[in-house]
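Ready for a few short exercises? Take a look at the model first, then work through each task before reading its solution.

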Amino acid sequence: MEMNPVVVEAEEAVEASVAAFAAVLTGREVAPSGAAGGPDEGAGCWAAVGTNDGLQRLADGALDALAAVARSEAKLAAVKAQAVSLSSCLCK
């Protein structure tokens with residue numbers, strides 16, 4: 001079990017992000033506050049324009065989630081590279 005509180009907090013944030021991505025993909029989007037949405041729950045940006053095309057929302061949600069996951073993976077790769085770099089300096 002990790003003892004560093006900053007690492008624990010960061011890991012919890014990553015887990016929450018993964019859960020949010022999964023919610024988008026299953027159509028169970030939640031409001032930014034974390035509370036369930038209203039009648040247009042899961043409609044995302046489409047609720048504002050009045051469309052009720054579930055397939056379009058699903059496709060857009062999947063693409064948004066894929067793009068966000070790719071950005072997250074790039075950021076995590078940068079952190080990994082920095083950690084490897086620091087650990088190799090410490091081992092010399």
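The exercises below go from the overall fold to single helices and then to a pocket, all on a predicted model.

**Exercise 1. Describe the secondary structure of the chain and how much of the chain is buried.**

Solution. Start with the elements: the chain has three helices and zero strands. Reading along the sequence then gives the pattern α-α-α. Next, turn to burial, where the cut-off is under 20% relative accessible area. By that cut-off, 7% of the 92 residues are buried.

**Exercise 2. Check the span of H1 against the expected value, then inspect both ends of the helix.**

Solution. Begin with the length: H1 has 21 residues, and 30 Å is expected at 1.5 Å a residue. The distance from its first C-alpha to its last is 30 Å, close to that expectation. Now go to the N-terminal end, which Asn4 caps, with a side-chain oxygen 2.9 Å from the backbone nitrogen of Val6. Finally, look just past the helix: Gly27 there has a positive phi of about 80°.

**Exercise 3. Do the same for H3, and find what its buried residues pack against.**

Solution. With 37 residues at 1.5 Å each, H3 should span 54 Å; its end C-alpha atoms lie 53 Å apart, so the two values agree. At the start of the helix, a side-chain oxygen of Asp53 comes within 3.2 Å of the backbone nitrogen of Leu55. The buried residues of H3 are Gly61, Ala65 and Ala68. These buried residues pack against H1.

**Exercise 4. Is Ala22 buried, partly exposed or exposed?**

Solution. First place the residue: Ala22 belongs to helix H1. Its relative accessibility is 34%. Buried needs under 20% and exposed over 50%, so Ala22 counts as partly exposed. As a last step, compare sequence and space: Ala22 and Ala65 are 43 residues apart along the chain, and their C-alpha atoms are separated by 8.2 Å.

**Exercise 5. Which residues line the second largest pocket, and which element gives the largest share?**

Solution. List the lining first: Val14, Ser17, Val18, Phe21, Val69, Ser72, Glu73, Lys75 and Leu76. Then assign them to elements: helix H1 (5–25) and helix H3 (54–90) each give two or more residues. The largest share, five residues, comes from H3. Sorting the lining by chemistry gives five nonpolar, two polar and two charged residues. To finish, the space in this second largest pocket is about 170 Å³.

Technical notes. Residues numbered from 1 in each chain as written. Predicted model: local features only at pLDDT ≥ 70, side-chain atom pairs only at ≥ 80, totals over all residues. Heavy atoms only, no water. 1 Å grid on protein atoms, 1.4 Å probe; cavity = no way out; pocket = protein on both sides within 12 Å on 5 of 7 lines; lining within 4 Å. Points joined across faces, edges and corners; volume = space filled by probe spheres on them. Helix = DSSP H or I, 4+ residues; strand = E, 2+ residues; numbered from the N terminus. Nonpolar A, V, L, I, M, F, W, Y, C, P; charged D, E, K, R; others polar. Expected span 1.5 Å × (residues − 1). Buried < 20%, exposed > 50% of the residue type's maximum accessible area, 1.4 Å probe, protein only. Contact = heavy atoms within 4.5 Å. Polar contact = N/O pair within 3.5 Å; in protein donor to acceptor, adjacent residues only side chain to side chain.
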